[in-house]
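Here is a short briefing on one protein chain. Keep the sequence and the 3D view open while you read.

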Amino acid sequence: MQRVQGVCVRWSDDDGWGVLRSDGVDSEVFAHFSELNVTGFHALLAGDRVQFDVEPFPSGQDGYFYRAHNITPM
């Protein structure tokens with residue numbers, strides 16, 4: 001896995017997941033609320049800057065071929 005910095009581009013509280021973008025990754029990255037390192041309600045807002053570990057996800061998740069782990073707001 002690779003640690004990168006990026007930004008949240010979309011987030012759905014109802015669905016519990018969103019999309020991150022980083023210059024260090026070829027495409028957008030799937031992010032699940034369970035991977036957020038926050039206290040309280042696990043959510044992000046579009047525009048939030050984050051650090052995260054990214055891994056290729058060849059089988060895809062909702063059309064995304066990378067997924068984030070250990071997401072930490074900056």
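Contact here means heavy atoms within 4.5 Å. By that rule, and leaving aside neighbours within four places in sequence, Asp 53 is in contact with Met 1, Gln 2, Arg 3, Arg 67, Ala 68, His 69 and Asn 70. The model is predicted. The points below go from the whole chain to the core, then to a strand pair and two buried polar residues.

**Overall build**
- The protein chain has five strands and zero helices.
- From the N terminus on, its elements run β-β-β-β-β.
- The radius of gyration is 11 Å, which agrees with the value near 11 Å for a compact globule of 74 residues.
- Along the principal axes, the C-alpha atoms fill a box of roughly 30 × 25 × 20 Å.
- Of the 74 residues, 36% are buried.
- The accessible surface comes to about 4300 Å², and carbon and sulfur atoms hold 48% of that.
- Among contacts with a separation of 6 or more, 53% are between residues 24 or more positions apart.

**Nonpolar core**
- The largest nonpolar core has 14 residues.
- Leu 20, Val 29, Leu 44, Phe 52, Ala 68 and Ile 71 touch the most other members of this core.
- Four strands each supply at least two residues of the core: β1 (2–12), β3 (29–32), β4 (49–61) and β5 (64–73).
- What does Ile 71 touch beyond its neighbours within four places in sequence? Its contacts include the core members Leu 20, Leu 44 and Phe 52.
- The other contacts of Ile 71 on that count are Ala 31, His 32, Glu 35, Leu 36, Asn 37, Val 50 and Gln 51.

**The β4 and β5 pair**
- Strands β4 and β5 run antiparallel.
- Seven bridges join β4 to β5.
- Pro 56 has Tyr 66 in β5 as its bridge partner.
- The hairpin of β4 and β5 has two residues between the strands.
- In that hairpin, Asp 62 takes a positive phi near 55 degrees.

**Asp 53, on β4**
- Asp 53 is found in strand β4.
- Is Asp 53 buried or exposed? Its relative accessibility is 18%, so Asp 53 counts as buried, because buried means under 20%.
- The Asp 53 side chain makes a polar contact of 3.5 Å with the side chain of Arg 3.
- A polar contact of 3.5 Å also joins the side chains of Asp 53 and Asn 70.
- Both Arg 3 and Asn 70 are on the contact list of Asp 53 given at the start.

**His 69, on β5**
- His 69 lies in strand β5.
- His 69 has a relative accessible area of 17%, so it is buried.
- Which side chains make polar contacts with the side chain of His 69? Glu 35 does so at 3.4 Å, and Glu 55 at 2.7 Å.
- Leaving aside neighbours within four places in sequence, His 69 is in contact with Met 1, Arg 3, Glu 35, Phe 52, Asp 53 and Glu 55.
- His 69 and Ala 31 are 38 residues apart along the chain, and their C-alpha atoms are separated by 7.5 Å.

**Where the two meet**
- Asp 53 and His 69 are in contact with each other.
- Met 1 and Arg 3 are in contact with Asp 53, and Met 1 and Arg 3 are in contact with His 69 as well.
- Glu 35 is in contact with His 69, and Glu 35 is also in contact with Ile 71.

Notes:
Residues are numbered from 1 along each chain as its sequence is written. This is a predicted model: local features need pLDDT of at least 70, side-chain atom pairs count only at pLDDT 80 or more; totals for chains, interfaces and linings use all residues. Side-chain values use heavy atoms; hydrogens and water are left out. A nonpolar core is a set of buried Ala, Val, Leu, Ile, Met, Phe, Trp, Tyr and Cys residues joined through side-chain atoms within 4.5 Å. Buried means under 20% relative accessible area, exposed over 50%, partly exposed in between (1.4 Å probe, protein chains only). Two strands pair if DSSP finds at least two bridges between them. A polar contact is a pair of N or O atoms within 3.5 Å; within protein, one must be able to donate a hydrogen and the other to accept it, and residues adjacent in sequence count only if both atoms are side-chain atoms. The radius of gyration is taken over C-alpha atoms; the globule rule is 2.2 Å times the number of residues to the power 0.38. Accessible areas come from the Shrake-Rupley method with a 1.4 Å probe; for residues, only the protein chains shown count as cover.
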